[in-house]
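Grab the model and work through these exercises one at a time. Try each task before you read its solution.

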Amino acid sequence: MPELPEVESLRQILERSVVGRTIVGTRIGRLPLRRKVTTNFGPRIRGRRIDKIGRRAKYLILDLDGEDVILVHLGMSGSLTCRDRDFDSSEFDRRHDHIEFRLDDGTRLVFNDPRRFGIVRLVVRIALPDLHELKGLGPEPLSEAFNADYLAAQARGRKVAVKNLIMDQRVVAGVGNIYASEVLYRAGVRPTRRAGRLKREEIVRIAKFIPIILRDAIDRRGTTFRNYRDSEGRPGAFADRLQVYGRAGEKCYRCSTSIRNVLVGQRASFYCPTCQK
Ligand SMILES: [Zn+2]
């Protein structure tokens, strides 16, 4: 499942390839996504220029000239790829090309989503802040609004496991399962620790490593997002950097203890029992 680094990498790729392009046509597939694309979608965006590509949490926001934006969420298996005429789509199942935007330079921006949990939705820009999907989200982990003081205030008195706290989108937007395990390893804190019982220095370390890990992952274009290959030719390379995630039973790179896997909030959570207290 794409997490924040994958979505941000995709945003950067699309910024280079489609900003400034005008949408000259659309093709909507027959199978519905999680939310059906409205009938006026195509006519309404025809002739509109893509001015900017923003991101909020795991939502991409395609800013059009005029009053609308297109909100995109990749769901479990979605991808948005820019394809030219010679694009080799053997990687993709055509049936799952749900929405195709034809651009004025002859390329196509295609939303493909085999599991159809994704969202592509036209929203009036001024309605964006009040949108159900975005309204309750906590600060962006790469913004200044997210820091140790903020995290300490969120953790205070909470009985929830620290891993669940940092994965709570209302606390901080966009820390998913893989990166939460990696952050807690780097911070030396076990994923099962009660948030309200953390020491100040532990919170400081967690708040420090969240943006460090995410930036590192963005620089390496995420971890597991196979479709990146098709946008600019390279797969996500953060998988090589994982210290604990997916390594249960293997040795900790730092101390050689076996990495453990424990369920926290029904999610697999990996940690080193020696390096993490
Ligand atoms: Zn260790």
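**Exercise 1. Find the residue just after α1 that takes a positive phi, then describe the helix itself.**

Solution. Just past the end of α1, G20 has a positive phi of about 95°. A quick note on ground rules: this is a predicted model, where local features need pLDDT of at least 70, side-chain atom pairs count only at pLDDT 80 or more, and totals for chains, interfaces and linings use all residues. Numbering starts from 1 along each chain as its sequence is written. Helices (H or I, at least four residues) and strands (E, at least two) are DSSP runs, numbered from the N terminus.

Now step back to the helix. α1 covers residues 4–18, 15 residues in total, and spans 20 Å from its first C-alpha to its last, close to the expected 21 Å (1.5 Å times one less than the number of residues). Next, check burial: L4, P5, E6, V7, E8, S9, L10 and L14 of α1 are buried (20 or more other C-beta atoms within 10 Å of the residue's own, with C-beta atoms placed from the backbone).

**Exercise 2. Work out the strand order of the open sheet of 4 strands, and place α1 against it.**

Solution. Start with the order, which is β1-β6-β7-β5, with antiparallel pairing (two strands pair if DSSP finds at least two bridges between them). The edges are β1 (23–28) and β5 (79–83), each pairing on one side only. On average, neighbouring strands of this sheet are turned by 15° against each other, ignoring direction.

Then zoom in on β6 (residues 97–103) and β7 (residues 108–112): 5 bridges join this antiparallel pair, and I99 has F111 in β7 as its bridge partner. Finally, add the helix: α1 lies across β5, β6 and β7, at about 25° to β5 (axes are lines fitted to C-alpha atoms, for helices over the stretch in contact, and angles run from 0 to 180 degrees between N-to-C directions).

**Exercise 3. Describe how α6 and α7 pack.**

Solution. First get the geometry: α6 (residues 177–187) and α7 (residues 200–219) pack at about 130°, axes 8 Å apart. That makes α6 oblique to α7, because angles under 35 degrees count as roughly parallel, over 145 as roughly antiparallel, 65 to 115 as roughly perpendicular and the rest as oblique. Last, list the contact residues (C-beta atoms, placed from the backbone, within 7 Å): α6 brings Y179, E182, V183, R186 and A187, and among those from α7 are F209, I210 and I213.

How values were computed. A residue is buried if 20 or more other C-beta atoms lie within 10 Å of its own, exposed if 12 or fewer, and partly exposed in between; C-beta atoms are placed from the backbone. Two residues are in contact if their C-beta atoms, placed from the backbone, lie within 7 Å.
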